[in-house]
Amino acid sequence: MNTSIIFSIVSLGCGFIFILYVTLSSVDLGICLLSLIAPDDNTRESVLTAVDGIWHANQTWLVILGAALFAGFPTFYSSVLSSMYMPFLALLVSLIMRGIALEYRHYAQVKQPWRILSGIGALAIILCLATILTQLLTQQLPGQTSPAFATLFPVITLLLVALSIFLGSFWLDHATPNKQAGLRQLLLFLLSIGGLATLILAWVLRFIIMSAPSMTPNLTAWLLTLGTIALIAVFMIVLRLQSRTLALPWALVLAGCVLLAFILSLEPNTMFYLQSLSRDASPAHTLTFQSILLVLVLPPLLYCNVLAYRHFGKQST
(Lines give C-alpha, C1' and ligand atoms only; values in the text may rest on other atoms or scores of the structure.)
Protein backbone atom coordinates (compact mmCIF):
# COMPACT_ATOMS: atom_id res chain seq x y z
CA MET A 1 0.00 0.00 0.00
CA ASN A 2 1.17 3.52 -0.80
CA THR A 3 2.92 5.19 2.16
CA SER A 4 1.02 8.46 1.72
CA ILE A 5 -2.30 6.59 1.81
CA ILE A 6 -1.28 4.76 4.99
CA PHE A 7 -0.19 8.04 6.58
CA SER A 8 -3.51 9.64 5.60
CA ILE A 9 -5.50 6.78 7.16
CA VAL A 10 -3.58 6.98 10.44
CA SER A 11 -3.73 10.80 10.52
CA LEU A 12 -7.46 10.83 9.80
CA GLY A 13 -7.98 8.11 12.42
CA CYS A 14 -6.14 10.14 15.07
CA GLY A 15 -8.07 13.27 14.11
CA PHE A 16 -11.36 11.38 14.26
CA ILE A 17 -10.52 10.02 17.72
CA PHE A 18 -9.53 13.51 18.90
CA ILE A 19 -12.85 15.00 17.76
CA LEU A 20 -14.72 12.07 19.34
CA TYR A 21 -12.96 12.61 22.66
CA VAL A 22 -13.55 16.38 22.70
CA THR A 23 -17.24 16.06 21.83
CA LEU A 24 -18.17 12.98 23.89
CA SER A 25 -16.22 14.00 26.97
CA SER A 26 -17.88 17.42 26.74
CA VAL A 27 -21.20 15.68 27.44
CA ASP A 28 -20.21 14.38 30.89
CA LEU A 29 -18.03 17.40 31.66
CA GLY A 30 -20.98 19.66 30.91
CA ILE A 31 -23.29 17.70 33.19
CA CYS A 32 -20.75 17.89 36.02
CA LEU A 33 -20.43 21.65 35.48
CA LEU A 34 -24.22 22.04 35.50
CA SER A 35 -24.35 20.17 38.81
CA LEU A 36 -22.38 23.04 40.38
CA ILE A 37 -25.24 25.47 39.73
CA ALA A 38 -27.94 23.10 41.02
CA PRO A 39 -30.11 24.86 43.64
CA ASP A 40 -29.90 22.05 46.20
CA ASP A 41 -28.10 18.77 46.90
CA ASN A 42 -30.98 16.54 45.74
CA THR A 43 -31.09 18.30 42.38
CA ARG A 44 -27.31 17.99 42.12
CA GLU A 45 -27.59 14.22 42.63
CA SER A 46 -30.31 13.86 39.99
CA VAL A 47 -28.11 15.80 37.54
CA LEU A 48 -25.06 13.62 38.21
CA THR A 49 -27.15 10.44 37.91
CA ALA A 50 -27.59 11.23 34.22
CA VAL A 51 -23.86 10.75 33.62
CA ASP A 52 -23.26 7.60 35.69
CA GLY A 53 -23.61 5.17 32.79
CA ILE A 54 -21.74 7.04 30.05
CA TRP A 55 -18.71 8.85 31.42
CA HIS A 56 -16.50 5.72 31.54
CA ALA A 57 -16.93 5.04 27.81
CA ASN A 58 -16.35 8.69 26.93
CA GLN A 59 -12.96 8.78 28.65
CA THR A 60 -11.88 5.61 26.81
CA TRP A 61 -11.26 7.73 23.70
CA LEU A 62 -8.50 9.65 25.49
CA VAL A 63 -6.65 6.37 26.14
CA ILE A 64 -7.13 5.30 22.51
CA LEU A 65 -5.90 8.68 21.28
CA GLY A 66 -2.74 8.39 23.38
CA ALA A 67 -2.08 4.85 22.12
CA ALA A 68 -2.66 5.87 18.48
CA LEU A 69 -0.28 8.84 18.73
CA PHE A 70 2.34 6.75 20.54
CA ALA A 71 2.26 4.05 17.84
CA GLY A 72 2.01 6.30 14.78
CA PHE A 73 3.95 9.40 15.79
CA PRO A 74 6.29 8.51 18.68
CA THR A 75 8.56 11.55 18.20
CA PHE A 76 5.62 13.96 18.35
CA TYR A 77 4.17 12.06 21.32
CA SER A 78 7.42 12.20 23.30
CA SER A 79 8.15 15.84 22.47
CA VAL A 80 4.66 16.96 23.53
CA LEU A 81 4.79 15.00 26.78
CA SER A 82 8.32 16.12 27.65
CA SER A 83 7.48 19.79 27.06
CA MET A 84 4.19 19.65 29.00
CA TYR A 85 4.75 17.30 31.93
CA MET A 86 2.93 19.47 34.45
CA PRO A 87 -0.27 20.09 32.40
CA PHE A 88 -0.56 16.37 31.57
CA LEU A 89 0.13 15.39 35.19
CA ALA A 90 -2.51 17.87 36.34
CA LEU A 91 -4.93 16.43 33.74
CA LEU A 92 -4.30 12.90 35.05
CA VAL A 93 -4.88 14.01 38.66
CA SER A 94 -8.07 15.86 37.65
CA LEU A 95 -9.41 12.82 35.77
CA ILE A 96 -8.73 10.59 38.79
CA MET A 97 -10.25 13.12 41.20
CA ARG A 98 -13.47 13.45 39.22
CA GLY A 99 -13.72 9.69 38.65
CA ILE A 100 -13.34 8.96 42.36
CA ALA A 101 -15.91 11.64 43.21
CA LEU A 102 -18.47 10.28 40.72
CA GLU A 103 -18.10 6.71 41.97
CA TYR A 104 -17.53 7.20 45.70
CA ARG A 105 -20.52 9.51 46.15
CA HIS A 106 -22.72 6.40 45.97
CA TYR A 107 -21.04 4.86 49.03
CA ALA A 108 -19.99 7.84 51.17
CA GLN A 109 -22.05 8.59 54.26
CA VAL A 110 -21.70 12.33 53.59
CA LYS A 111 -22.35 12.64 49.85
CA GLN A 112 -22.47 16.40 49.29
CA PRO A 113 -18.67 17.04 49.23
CA TRP A 114 -18.16 14.29 46.63
CA ARG A 115 -20.92 15.69 44.44
CA ILE A 116 -19.33 19.13 44.53
CA LEU A 117 -15.88 17.61 43.94
CA SER A 118 -17.12 15.98 40.72
CA GLY A 119 -18.05 19.40 39.36
CA ILE A 120 -14.77 20.95 40.50
CA GLY A 121 -12.90 18.02 38.90
CA ALA A 122 -14.69 18.66 35.59
CA LEU A 123 -13.66 22.32 35.72
CA ALA A 124 -10.06 21.30 36.48
CA ILE A 125 -10.08 18.91 33.47
CA ILE A 126 -11.26 21.72 31.20
CA LEU A 127 -8.53 24.04 32.50
CA CYS A 128 -5.86 21.37 31.91
CA LEU A 129 -7.13 20.63 28.39
CA ALA A 130 -7.21 24.35 27.62
CA THR A 131 -3.62 24.69 28.83
CA ILE A 132 -2.44 21.80 26.64
CA LEU A 133 -4.31 22.99 23.53
CA THR A 134 -3.10 26.57 24.06
CA GLN A 135 0.53 25.48 24.31
CA LEU A 136 0.15 23.41 21.12
CA LEU A 137 -1.39 26.35 19.24
CA THR A 138 1.21 28.84 20.44
CA GLN A 139 4.14 26.89 19.03
CA GLN A 140 6.20 29.02 16.65
CA LEU A 141 5.45 28.45 12.97
CA PRO A 142 7.84 29.38 10.12
CA GLY A 143 7.51 33.04 9.17
CA GLN A 144 4.68 33.71 11.63
CA THR A 145 4.30 35.24 15.06
CA SER A 146 2.53 32.89 17.45
CA PRO A 147 -0.29 34.39 19.54
CA ALA A 148 0.46 34.93 23.21
CA PHE A 149 -0.56 32.26 25.71
CA ALA A 150 -2.45 34.85 27.77
CA THR A 151 -4.52 35.78 24.71
CA LEU A 152 -5.52 32.27 23.67
CA PHE A 153 -5.97 30.55 27.04
CA PRO A 154 -9.15 32.35 28.20
CA VAL A 155 -10.78 31.98 24.77
CA ILE A 156 -10.04 28.24 24.57
CA THR A 157 -11.20 27.75 28.19
CA LEU A 158 -14.50 29.54 27.54
CA LEU A 159 -14.89 27.61 24.28
CA LEU A 160 -14.54 24.26 26.07
CA VAL A 161 -16.93 25.39 28.83
CA ALA A 162 -19.52 26.56 26.26
CA LEU A 163 -19.21 23.32 24.26
CA SER A 164 -19.59 21.26 27.46
CA ILE A 165 -22.70 23.14 28.57
CA PHE A 166 -24.15 22.89 25.05
CA LEU A 167 -23.75 19.10 24.76
CA GLY A 168 -24.36 18.35 28.45
CA SER A 169 -27.72 20.16 28.33
CA PHE A 170 -28.88 17.94 25.46
CA TRP A 171 -28.16 14.73 27.37
CA LEU A 172 -29.59 16.10 30.62
CA ASP A 173 -32.78 17.12 28.82
CA HIS A 174 -33.18 13.55 27.57
CA ALA A 175 -31.95 11.64 30.62
CA THR A 176 -33.89 13.53 33.31
CA PRO A 177 -37.39 12.02 33.61
CA ASN A 178 -40.49 13.91 34.75
CA LYS A 179 -39.03 17.34 34.17
CA GLN A 180 -41.02 20.37 35.18
CA ALA A 181 -41.71 22.95 32.48
CA GLY A 182 -39.40 25.46 34.16
CA LEU A 183 -36.48 23.02 34.22
CA ARG A 184 -36.88 22.16 30.55
CA GLN A 185 -37.01 25.83 29.59
CA LEU A 186 -33.82 26.38 31.57
CA LEU A 187 -32.08 23.50 29.77
CA LEU A 188 -33.24 24.77 26.37
CA PHE A 189 -31.93 28.21 27.30
CA LEU A 190 -28.57 26.78 28.39
CA LEU A 191 -28.09 24.71 25.25
CA SER A 192 -29.03 27.70 23.08
CA ILE A 193 -26.58 29.99 24.88
CA GLY A 194 -23.90 27.26 24.91
CA GLY A 195 -24.29 26.59 21.18
CA LEU A 196 -24.20 30.27 20.25
CA ALA A 197 -21.19 30.90 22.50
CA THR A 198 -19.38 27.90 20.97
CA LEU A 199 -19.80 29.28 17.44
CA ILE A 200 -18.77 32.82 18.41
CA LEU A 201 -15.73 31.72 20.44
CA ALA A 202 -14.58 29.31 17.69
CA TRP A 203 -14.82 32.20 15.22
CA VAL A 204 -12.90 34.53 17.56
CA LEU A 205 -10.22 31.88 18.21
CA ARG A 206 -9.83 31.28 14.49
CA PHE A 207 -9.04 34.93 13.78
CA ILE A 208 -6.79 35.32 16.81
CA ILE A 209 -4.61 32.50 15.52
CA MET A 210 -4.65 33.56 11.88
CA SER A 211 -6.25 36.89 10.99
CA ALA A 212 -5.87 36.53 7.21
CA PRO A 213 -7.84 33.48 5.96
CA SER A 214 -6.34 31.51 3.11
CA MET A 215 -9.33 30.30 1.08
CA THR A 216 -8.51 27.68 -1.54
CA PRO A 217 -11.05 25.92 -3.78
CA ASN A 218 -10.65 22.68 -1.79
CA LEU A 219 -11.10 24.46 1.53
CA THR A 220 -14.15 26.31 0.21
CA ALA A 221 -15.72 23.03 -0.90
CA TRP A 222 -15.03 21.45 2.49
CA LEU A 223 -16.49 24.39 4.40
CA LEU A 224 -19.61 24.46 2.20
CA THR A 225 -20.09 20.71 2.76
CA LEU A 226 -19.66 21.04 6.51
CA GLY A 227 -21.98 24.06 6.54
CA THR A 228 -24.69 22.08 4.75
CA ILE A 229 -24.34 19.19 7.21
CA ALA A 230 -24.46 21.66 10.11
CA LEU A 231 -27.70 23.21 8.81
CA ILE A 232 -29.27 19.75 8.50
CA ALA A 233 -28.12 18.99 12.06
CA VAL A 234 -29.70 22.22 13.36
CA PHE A 235 -32.98 21.37 11.60
CA MET A 236 -33.00 17.85 13.08
CA ILE A 237 -32.15 19.21 16.55
CA VAL A 238 -35.18 21.50 16.44
CA LEU A 239 -37.43 18.63 15.33
CA ARG A 240 -36.08 16.27 18.02
CA LEU A 241 -36.49 18.86 20.77
CA GLN A 242 -40.05 19.56 19.70
CA SER A 243 -40.91 15.85 19.70
CA ARG A 244 -38.99 15.33 23.00
CA THR A 245 -36.74 12.64 21.51
CA LEU A 246 -32.97 12.35 21.84
CA ALA A 247 -31.31 15.24 19.96
CA LEU A 248 -27.77 14.58 21.24
CA PRO A 249 -26.55 12.65 18.13
CA TRP A 250 -27.32 15.62 15.91
CA ALA A 251 -25.78 17.98 18.47
CA LEU A 252 -22.60 15.88 18.30
CA VAL A 253 -22.68 16.10 14.49
CA LEU A 254 -23.03 19.87 14.72
CA ALA A 255 -20.16 20.15 17.23
CA GLY A 256 -17.99 17.86 15.08
CA CYS A 257 -18.65 20.02 12.01
CA VAL A 258 -17.63 23.16 13.93
CA LEU A 259 -14.41 21.55 15.21
CA LEU A 260 -13.50 20.11 11.80
CA ALA A 261 -14.21 23.41 10.04
CA PHE A 262 -12.04 25.18 12.62
CA ILE A 263 -9.13 22.75 12.06
CA LEU A 264 -9.40 22.91 8.26
CA SER A 265 -9.61 26.73 8.26
CA LEU A 266 -6.17 26.96 9.89
CA GLU A 267 -4.54 26.13 6.54
CA PRO A 268 -1.56 26.48 5.91
CA ASN A 269 -0.85 25.85 9.62
CA THR A 270 -2.65 22.50 9.36
CA MET A 271 -0.47 21.45 6.42
CA PHE A 272 2.67 22.49 8.32
CA TYR A 273 1.75 20.22 11.23
CA LEU A 274 0.90 17.33 8.89
CA GLN A 275 4.27 17.69 7.15
CA SER A 276 6.01 17.68 10.54
CA LEU A 277 4.09 14.56 11.55
CA SER A 278 4.96 12.79 8.29
CA ARG A 279 8.67 13.37 8.92
CA ASP A 280 8.41 11.99 12.46
CA ALA A 281 6.01 9.12 11.69
CA SER A 282 6.74 5.47 12.47
CA PRO A 283 8.12 3.14 9.77
CA ALA A 284 5.79 2.13 6.96
CA HIS A 285 5.17 -1.39 8.29
CA THR A 286 4.14 0.01 11.69
CA LEU A 287 1.77 2.52 10.09
CA THR A 288 0.32 -0.26 7.90
CA PHE A 289 -0.44 -2.41 10.93
CA GLN A 290 -1.89 0.59 12.79
CA SER A 291 -4.10 1.60 9.86
CA ILE A 292 -5.54 -1.93 9.65
CA LEU A 293 -6.07 -1.93 13.43
CA LEU A 294 -7.87 1.42 13.33
CA VAL A 295 -10.18 0.27 10.55
CA LEU A 296 -11.03 -2.93 12.44
CA VAL A 297 -11.25 -1.59 16.00
CA LEU A 298 -12.84 1.87 15.72
CA PRO A 299 -16.28 0.78 14.38
CA PRO A 300 -17.03 -1.76 17.18
CA LEU A 301 -15.74 0.67 19.84
CA LEU A 302 -17.95 3.42 18.48
CA TYR A 303 -20.89 1.00 18.32
CA CYS A 304 -20.38 0.08 22.00
CA ASN A 305 -20.34 3.77 22.88
CA VAL A 306 -23.62 4.27 21.02
CA LEU A 307 -25.14 1.27 22.81
CA ALA A 308 -24.17 2.77 26.18
CA TYR A 309 -26.00 6.00 25.36
CA ARG A 310 -29.06 4.16 24.07
CA HIS A 311 -29.18 1.78 27.03
CA PHE A 312 -28.80 4.39 29.78
CA GLY A 313 -30.96 6.85 27.89
CA LYS A 314 -33.82 4.32 27.88
CA GLN A 315 -33.29 3.59 31.57
CA SER A 316 -33.64 7.25 32.41
CA THR A 317 -36.88 7.82 30.49
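These exercises work through a predicted model, each with a stepwise solution.

**Exercise 1. The overall fold**

Task: Find how many helices and strands the chain has, and in what order they come.

Solution:
- Count the elements. The chain holds 12 helices and 0 strands.
- Read along the sequence. The pattern is α-α-α-α-α-α-α-α-α-α-α-α.
- Look at burial. Of the 317 residues in the chain, 45% are buried.
- Look at the contacts between residues at least 6 apart in sequence. Of these, 78% join residues at least 24 apart.
- Turn to the surface. About 16000 Å² is exposed, and carbon and sulfur atoms supply 73% of it.

**Exercise 2. The nonpolar core**

Task: Determine which residues of the largest nonpolar core touch the most other members, and which helix gives the most to this core.

Solution:
- Start with the core itself. It has 85 residues.
- Rank them by contacts with other members. L167, F170, W171 and L248 touch the most.
- Sort the core by helix. Helix α1 (residues 3-36) contributes the most, with 16 residues.
- Take L167 as a case. Leaving out residues up to four places away in sequence, L167 touches T23, S26, V27, L248, A251, L252 and A255.
- Place some of these partners. L248, A251, L252 and A255 are among the buried residues of α10.

**Exercise 3. Two helices, checked for length**

Task: Compare the end-to-end reach of α7 and of α10 with the span expected at 1.5 Å a residue.

Solution:
- Take α7. Its 27 residues reach 38 Å from first C-alpha to last, close to the expected 39 Å.
- Ask how enclosed α7 is. Because 20 of its 27 residues are buried, α7 is largely enclosed by the rest of the structure.
- Take α10 (residues 248-264). Its 17 residues should span 24 Å, and the end C-alpha atoms are 24 Å apart, so the two values agree.
- List burial in α10. The buried residues are L248, A251, L252, L254, A255, G256, C257, V258, L259, A261 and F262.

**Exercise 4. Aromatic pairs**

Task: Classify the pairs F70–Y77 and W171–Y309 by geometry, then decide whether each residue is buried, partly exposed or exposed.

Solution:
- Get the total. With ring centres required to lie within 6.5 Å, there are 6 aromatic pairs.
- Examine F70 and Y77. Their centres are 5.4 Å apart and their planes differ by 70 degrees. Planes over 60 degrees apart count as edge-to-face, so this pair is edge-to-face.
- Check exposure. F70 has 53% relative accessibility and is exposed. Y77 has 26% and is partly exposed.
- Examine W171 and Y309. This pair is also edge-to-face, at 5.1 Å centre to centre and 80 degrees between the planes.
- Locate both residues. W171 sits in helix α7 (residues 149-175) and Y309 in helix α12 (residues 284-316), so the pair ties together parts that are 138 residues apart in sequence.
- Check exposure again. W171 is buried at 0% relative accessible area. Y309 is buried at 8%.

**Exercise 5. A buried threonine and a charge over a ring**

Task: Describe the surroundings of T134, then find which ring R206 lies over.

Solution:
- Place T134. It lies in helix α6 (residues 112-137).
- Apply the burial cut-off. T134 has a relative accessible area of 0%, which is under 20%, so T134 is buried.
- List its contacts beyond four places in sequence. T134 touches F149, L152, F153 and I156.
- Move to R206. R206 lies over the face of F207, at 5.2 Å from the ring centre.

Definitions and conventions:
Residues are numbered from 1 along each chain as its sequence is written. This is a predicted model: local features need pLDDT of at least 70, side-chain atom pairs count only at pLDDT 80 or more; totals for chains, interfaces and linings use all residues. Side-chain values use heavy atoms; hydrogens and water are left out. Rings of Phe, Tyr and Trp (its six-membered ring) pair if their centres lie within 6.5 Å; planes under 30 degrees apart count as stacked, over 60 as edge-to-face and the rest as tilted. Buried means under 20% relative accessible area, exposed over 50%, partly exposed in between (1.4 Å probe, protein chains only). Helices (H or I, at least four residues) and strands (E, at least two) are DSSP runs, numbered from the N terminus. A charge sits over a ring if NZ of Lys or CZ of Arg is within 6 Å of the ring centre and within 35 degrees of the ring normal. The expected span of a helix is 1.5 Å times one less than its number of residues. Contact means heavy atoms within 4.5 Å. Accessible areas come from the Shrake-Rupley method with a 1.4 Å probe; for residues, only the protein chains shown count as cover. A nonpolar core is a set of buried Ala, Val, Leu, Ile, Met, Phe, Trp, Tyr and Cys residues joined through side-chain atoms within 4.5 Å.
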